[in-house]
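Colleague: Got a minute to go through this one with me? I'd like to hear what stands behind the labels.

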Amino acid sequence: MLAGKLYDSSDAELLALRKKAGDLCTRFNALSRNDDEARAEVLDELLPGHGEGLDVMGPVFFDYGIHTTVGARMFANFNFTVLDCVPVTIGDDVMFGPNISLLPPMHPLRWQDRNVRRHPDGGFYNYEYGEPIVIGSNCWFGGDVTVLGGVTIGDGCVIGAGSVVTKDIPANSVAVGNPARVIRTITDADASVYQDYAR
Ligand SMILES: CC(=O)SCCNC(=O)CCNC(=O)[C@H](O)C(C)(C)COP(=O)(O)OP(=O)(O)OC[C@H]1O[C@@H](n2cnc3c(N)ncnc32)[C@H](O)[C@@H]1OP(=O)(O)O
């Protein structure tokens, strides 16, 4: 699975990992947003090794959690979905708007190869594969952004609301739309009137 090859997602070991992550997400999503201690405890287990200052509104949905690397000070607004069947890597100081989907998994294009089938023991399964997602540091994602597997987004990017990112985005770009296109490069000329507060 992690090597990006076709795999059977009903494998017992994978199923156990997804069940564990599913339970952790359910626990997190049921907690009061004021229960900082309990929320932090669940996130520590769901995203081991995450950076300091993690701030997640919830609800969150992770397939595995353990395959997602989170840098320091990540903020994710409502409805953060990560289908991390392969590594998803998020740098430092990344802000996500609401309704973000990071979607590495792929299924075969032909229905003959994709459809659910039965094991001899009666259980159902199908085949999928995944391609990693890499998000650099200092990025801001507007709401309702989808990032597909195989995409690398460079440092310092802004991805506009509603974008579907299907290809790599170079560092310091503003990219918008479906499919997301770079509309310009961010430079010092973009320093905002609020820059004094950013020091
Ligand atoms: C962390 C959080 O919780 S974030 C909270 C949620 N906030 C958001 O989702 C807001 C996200 N903001 C955006 O999407 C903004 O439009 C930005 C930041 C991408 C761009 O802002 P600006 O640099 O001011 O771009 P500007 O408004 O000048 O637009 C430039 C062009 O891109 C287009 N454009 C801007 N945003 C988008 C978008 N999301 N999708 C498609 N086109 C867009 C504009 O229509 C304009 O097109 P035109 O040149 O044909 O007129």
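Colleague: Which residues of helix H2 (residues 36-46) are buried?

Modeller: Arg39, Val42, Leu43 and Leu46. Buried means under 20% relative accessible area, exposed over 50% and partly exposed in between, with a 1.4 Å probe and protein chains only. H2 is a DSSP run of H or I with at least four residues, while strands are E runs of at least two, all numbered from the N terminus. Keep in mind that this is a predicted model, where local features need pLDDT of at least 70, side-chain atom pairs count only at pLDDT 80 or more, and totals for chains, interfaces and linings use all residues. Residues are numbered from 1 along each chain as its sequence is written, and side-chain values use heavy atoms, with hydrogens and water left out.

Colleague: What makes the buried residues of H2 line one face of the helix?

Modeller: Seen down the axis of H2, they fall within an arc of 100°, so they line one face. The arc is that of the directions from the helix axis to the C-beta atoms. On the other side of H2, Glu37 and Glu41 are exposed.

Colleague: Why is the pair between Gly143 and the ligand called a polar contact?

Modeller: A polar contact is a pair of N or O atoms within 3.5 Å. A backbone N or O atom of Gly143 lies 2.7 Å from a ligand oxygen, so the pair fits the definition. For Ala161, a polar backbone atom is 2.8 Å from a ligand nitrogen. Arg184 has a polar side-chain atom 3.3 Å from a ligand oxygen.

How values were computed:
Polar contact = N/O pair within 3.5 Å; in protein donor to acceptor, adjacent residues only side chain to side chain.
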